[in-house]
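Student: Could you walk me through this one? I'd like to start with how the chains meet.

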Amino acid sequence: MISLESYLVVAAALFSLGLYGILTRKNAVNVLMSIELIFNSANINLIAFSRYVTGDTEGQVFALFVIVIAACEAAVALAIIMSLYRILKGVELTDASALKG
Amino acid sequence: MEAIAPKIIFWVFAGLMLGSAFVVVHGRHLVRSAFALLATFFSVAGFYAMLGADFLAGVQLLVYVGGILTLILFGVMLTNRIYNLELETATFQVVPGALVALTVFGCLVAIIYNTPWSKAALVEEGPTTPAIGRLLMTEYVLPFEVASVLLLVALLGAAMLVRRRTDL
């Protein structure tokens with residue numbers, strides 16, 4: 001039987017990869033993909049806890065809400081990226097520096 | 001010998017997930033990153049199935065692969081001049097970013113192995129869809145309705161944001 005800790009460590013590695021992507025990518029679409037990785041790692045944790053710690057299905061309902069919010073987030077983020085592209089003629093985040101002090 | 005098979009499947013899914021996630025965050029090619037994300041979503045769905053969440057595995061495939069990944073591919077196509085076949089994306093702050101990510105990963109692993117998790121008795125695996133449906137219609141009916149309003153607002157907001165402001 002696979003232990004709870006194995007699932008948590010794999011989810012932590014997925015989270016760290018997503019964090020690395022957010023910090024190092026210049027392209028806004030790529031940053032969005034990294035955010036999706038982080039959503040997925042949180043979902044793995046929720047479902048692993050619902051199986052091993054509480055033993056019921058309530059964690060799966062929470063994961064379902066996370067998926068709904070991820071869908072909303074992707075739609076709105078892509079709309080923002082389109083507007084950014086229209087203004088900057090590109091989606092490089094280092095160019096979006098109008099608010100930089 | 002049947003205890004070996006789940007372990008092999010687990011590590012195959014974990015390797016596929018982390019390898020494709022590395023391609024997503026470190027690959028040079030934007031379209032290739034998007035397709036590596038497909039493999040990541042598939043292996044996460046495999047994890048859900050191994051954890052006994054059959055309904056969630058189906059939802060993961062339908063919503064993430066069918067919806068969000070298609071949306072991201074549209075984003076890739078619409079925000080790049082597709083006739084330049086390179087579509088290469090740059091990275092910056094690689095060393096500080098890797099340091100931060102590795103530190104966070106180390107802290108998380110230390111916390112995971114030092115916490116005494118209270119383990120419940122493993123329940124019998126079975127279809128989870130009736131239980132989820134019952135919870136959504138009784139205990140979580142308010143979050144369910146709020147989520148539907150959120151989806152509507154996100155739909156309208158996205159349509160407002162991408163429209164050209166000529167007829168205002």
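Student: So how many residues of chain A are in contact with chain B?

Tutor: In this predicted model, 60 residues of chain A are in contact with 69 residues of chain B, where contact requires C-beta atoms, placed from the backbone, within 7 Å.

Student: Which helices supply the side of chain A that touches chain B?

Tutor: α1 (4-24), α2 (28-54) and α3 (58-88) of chain A each supply at least two residues of it, and α3(A) gives the largest share, with 21 residues. Helices here are DSSP runs of H or I with at least four residues, strands are E runs of at least two, and both are numbered from the N terminus.

Student: And how many strands does chain A have?

Tutor: Chain A has 0 strands and 3 helices, in the order α-α-α along the sequence.

Student: Switching topic, what radius of gyration does chain A have?

Tutor: Taken over C-alpha atoms, the value for chain A is 17 Å, whereas a compact globule of 101 residues would be near 13 Å, by the rule of 2.2 Å times the number of residues to the power 0.38. The C-alpha atoms of chain A fill a box of roughly 50 × 25 × 25 Å along the principal axes.

Student: What about numbering and confidence cut-offs?

Tutor: Residues are numbered from 1 along each chain as its sequence is written, with chains lettered from A and ligands numbered from 1 in the order in which they are written. As the model is predicted, local features need pLDDT (the predictor's confidence in each residue, from 0 to 100) of at least 70, side-chain atom pairs count only at 80 or more, and totals for chains, interfaces and linings use all residues.

Methods. Two residues are in contact if their C-beta atoms, placed from the backbone, lie within 7 Å.
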